[in-house]
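Reader: I'd like to learn how to read a structure like this one. Can we go through it feature by feature?

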Amino acid sequence: SSGINAEWPLRPGDCFYSKRLGRRKTWLVPLQFAIGVVMLYIPSVVEEALGNKGGELNIAVLAGWFCFLTFLAATQDIAVDGWALTMLSKRNVGWASTCNSVGQTIGFFFGYLGFLALDSPMFCNMFRKEKRKKYRLRLCVDTTA
């Protein structure tokens with residue numbers, strides 16, 4: 001066991017939880033909110049830290065914010081694993097890891113490839129109700145002269 005243990009600051013979260021949300025969702029909801037707030041705030045920090053606003057490049061600020069974001073995401077992953085273990089019956093607990101892997105793969109697919117496909121005009125036009133009609137070129141001839 002290592003001398004540094006990051007688990008102890010998080011321990012009170014297991015003791016104090018909302019009975020309405022449950023033990024795991026009490027972790028997940030604030031973590032999702034914190035991740036959202038950090039992701040909305042990071043662009044302004046990145047612009048400054050990269051020196052785009054007239055300052056100098058500051059790698060330590062960038063690394064700090066992204067380490068904090070990774071810490072929040074890792075804590076959320078632990079809470080989701082715990083939630084899966086409490087939701088599954090005892091005979092299906094072995095499938096928790098498989099469900100997590102399959103869910104993450106589907107999420108990556110829609111999160112990356114799905115949005116790339118939505119960026120394609122050809123792909124998006126396939127699902128329009130009005131199909132584009134093929135018009136032939138009509139020449140306008142001015143007969144008033």
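Author: We'll go from the overall fold to the core, then to the rings and the surface. Bear in mind that this is a predicted model.

Reader: Fine, fold to begin with. How many helices and strands does the protein chain have?

Author: Start by listing the elements in sequence order. Here the protein chain has 5 helices and 0 strands, so the pattern along the sequence reads α-α-α-α-α.

Reader: And how much of the chain counts as buried?

Author: For burial, the cut-off is under 20% relative accessible area. Of the 145 residues, 14% count as buried. The protein chain exposes about 12,600 Å², with carbon and sulfur atoms supplying 65% of that. As for contacts with a separation of 6 or more, 46% come from residues 24 or more positions apart.

Reader: Which residues make up the largest nonpolar core?

Author: Look for buried nonpolar residues whose side chains join up. The largest such core has 12 residues: W27, L28, L31, I35, V38, I42, V46, A49, L62, L69, L72 and A79. The elements giving two or more residues to this core are α2 (23-49) and α3. Helix α2 gives the most, with 8 residues.

Reader: Can we zoom in on one core residue? What is L69 in contact with, beyond its neighbours within four places in sequence?

Author: L69 is in contact with I35, V38, M39 and I42. Of these, I35, V38 and I42 are also listed in the core.

Reader: Now a polar one. Is Q76 buried or exposed?

Author: Compare its relative accessible area with the cut-off. Q76 has 18%, and buried means under 20%, so Q76 counts as buried. Q76 lies in helix α3, which covers residues 59-87. Leaving out residues up to four places away in sequence, Q76 touches L28, L31, Q32 and I35. L28, L31 and I35 turn up in the core list too.

Reader: On to the rings. How many aromatic pairs are there?

Author: The count comes to 4 aromatic pairs. Take Y41 and W65: their ring centres are 5.2 Å apart and their planes are at 55°, so the pair is tilted. This pair links distant parts of the chain, with Y41 in helix α2 and W65 in helix α3, 24 residues apart.

Reader: How accessible are those two, Y41 and W65?

Author: Partly exposed is the class between the buried and exposed cut-offs. Y41 falls there at 43% relative accessibility, and W65 is partly exposed as well, with a relative accessible area of 28%. F108 and Y112 form another tilted pair, at 6.1 Å centre to centre with 40° between the planes.

Reader: How far apart in helix α4 are F108 and Y112?

Author: They are 4 residues apart in helix α4 (residues 96-118), so about one helical turn separates them. Y112 has a relative accessible area of 55%, so Y112 is exposed. Back at the other pair, ring pairs link Y41, W65 and F68 into a cluster.

Reader: Last one, the surface. Which residues make the nonpolar patch of about 880 Å²?

Author: Here you look for nonpolar side chains that are accessible and grouped together. V102, I106, F108, F109, F110, Y112, L113 and L116 make this patch. F108 and Y112 are the tilted pair from before. I106 is found in helix α4, and at 45% relative accessibility I106 counts as partly exposed.

Methods: Residues numbered from 1 in each chain as written. Predicted model: local features only at pLDDT ≥ 70, side-chain atom pairs only at ≥ 80, totals over all residues. Heavy atoms only, no water. Buried < 20%, exposed > 50% of the residue type's maximum accessible area, 1.4 Å probe, protein only. Contact = heavy atoms within 4.5 Å. Areas by Shrake-Rupley, 256 points an atom, 1.4 Å probe, with all protein chains shown as cover. Core = buried A, V, L, I, M, F, W, Y, C linked by side-chain atoms within 4.5 Å. Phe/Tyr/Trp six-rings, centres within 6.5 Å; stacked < 30°, edge-to-face > 60°. Patch = residues over 30% accessible without salt bridge, like charges linked within 9 Å, V, L, I, M, F, W, Y side chains within 5 Å. Salt bridge = Lys/Arg side-chain N within 4 Å of Asp/Glu carboxyl O.
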